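Colleague: I'm new to this one, so could you walk me through the salt bridges and how you decide what to call them?

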Amino acid sequence: IRMCGACLMSVTTTDLHETVNQLFADIDNTSSEALWRAYINRSYYAVFHELRLAMEQAGINTNQYKTGTHDNLYMILDEMAAKDKPIKKLALQFKDFLKKRHQSDYKLHEHITWTDVVMAQKYARELPELIAKYIK
């Protein structure tokens, strides 16, 4: 168990990112669409937990709007971006990542492409850096 401010965590966001990297180390454009969907889901959730934790540690209420937690985080980022333009990149990337995760999890009739996976890989790399830079 690890300490995180006032909370106890059985895993850290670093653990989640490392697990994604281990589970999907061999993913490529010849992998199955089911594996691509699983990668998008797991990598999204590693970033989601990182963003929510950063907001909570910064004293940002993550339940400000009458919607789900995921949309709340985006709406908070969008509001922050209105006051601080560089945050817009973080907001837009997070929103697109959420959209890809929804498509991967719920829209089984819509194809997931290798390009979707490459974008998810980009977001999984870049969003933690943007979160560390802007959510304080």
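Modeller: Sure. Keep in mind that this is a predicted model. Searching the whole structure turns up eight salt bridges.

Colleague: Take Lys89 and Glu126: why is that pair called a salt bridge?

Modeller: A Lys nitrogen has to be within 4 Å of a carboxyl oxygen of Asp or Glu. For Lys89 and Glu126 the N to O distance is 4.0 Å, so the pair counts as a salt bridge. Lys89 sits in helix H4 (residues 87-106) and Glu126 in helix H5 (residues 114-134), so the bridge ties together parts that are 37 residues apart in sequence.

Colleague: What makes Lys89, Lys122 and Glu126 a network?

Modeller: Salt bridges link the three of them. Besides the bridge to Lys89, Glu126 has one with Lys122, where the closest N and O atoms are 3.3 Å apart. Glu126 and Lys122 are both in helix H5, four residues apart, about one turn of the helix.

Colleague: And how do you know that Asp96 and Lys100 form a salt bridge?

Modeller: Their closest N and O atoms are 3.6 Å apart, and that is within 4 Å, so the pair qualifies. Both belong to helix H4, four residues apart, so about one helical turn separates them.

Colleague: Why is Lys100 called buried?

Modeller: Its relative accessible area is 11%, and buried means under 20%, so Lys100 fits. Asp96 has 22%, which lies between 20% and 50%, so Asp96 is partly exposed.

Colleague: What about Lys89 and Lys122, buried or exposed?

Modeller: In between: Lys89 is partly exposed at 44%, and Lys122 is partly exposed at 27%.

How values were computed. Residues are numbered from 1 along each chain as its sequence is written. This is a predicted model: local features need pLDDT of at least 70, side-chain atom pairs count only at pLDDT 80 or more; totals for chains, interfaces and linings use all residues. Side-chain values use heavy atoms; hydrogens and water are left out. A salt bridge is a side-chain nitrogen of Lys or Arg within 4 Å of a carboxyl oxygen of Asp or Glu. Helices (H or I, at least four residues) and strands (E, at least two) are DSSP runs, numbered from the N terminus. Buried means under 20% relative accessible area, exposed over 50%, partly exposed in between (1.4 Å probe, protein chains only).
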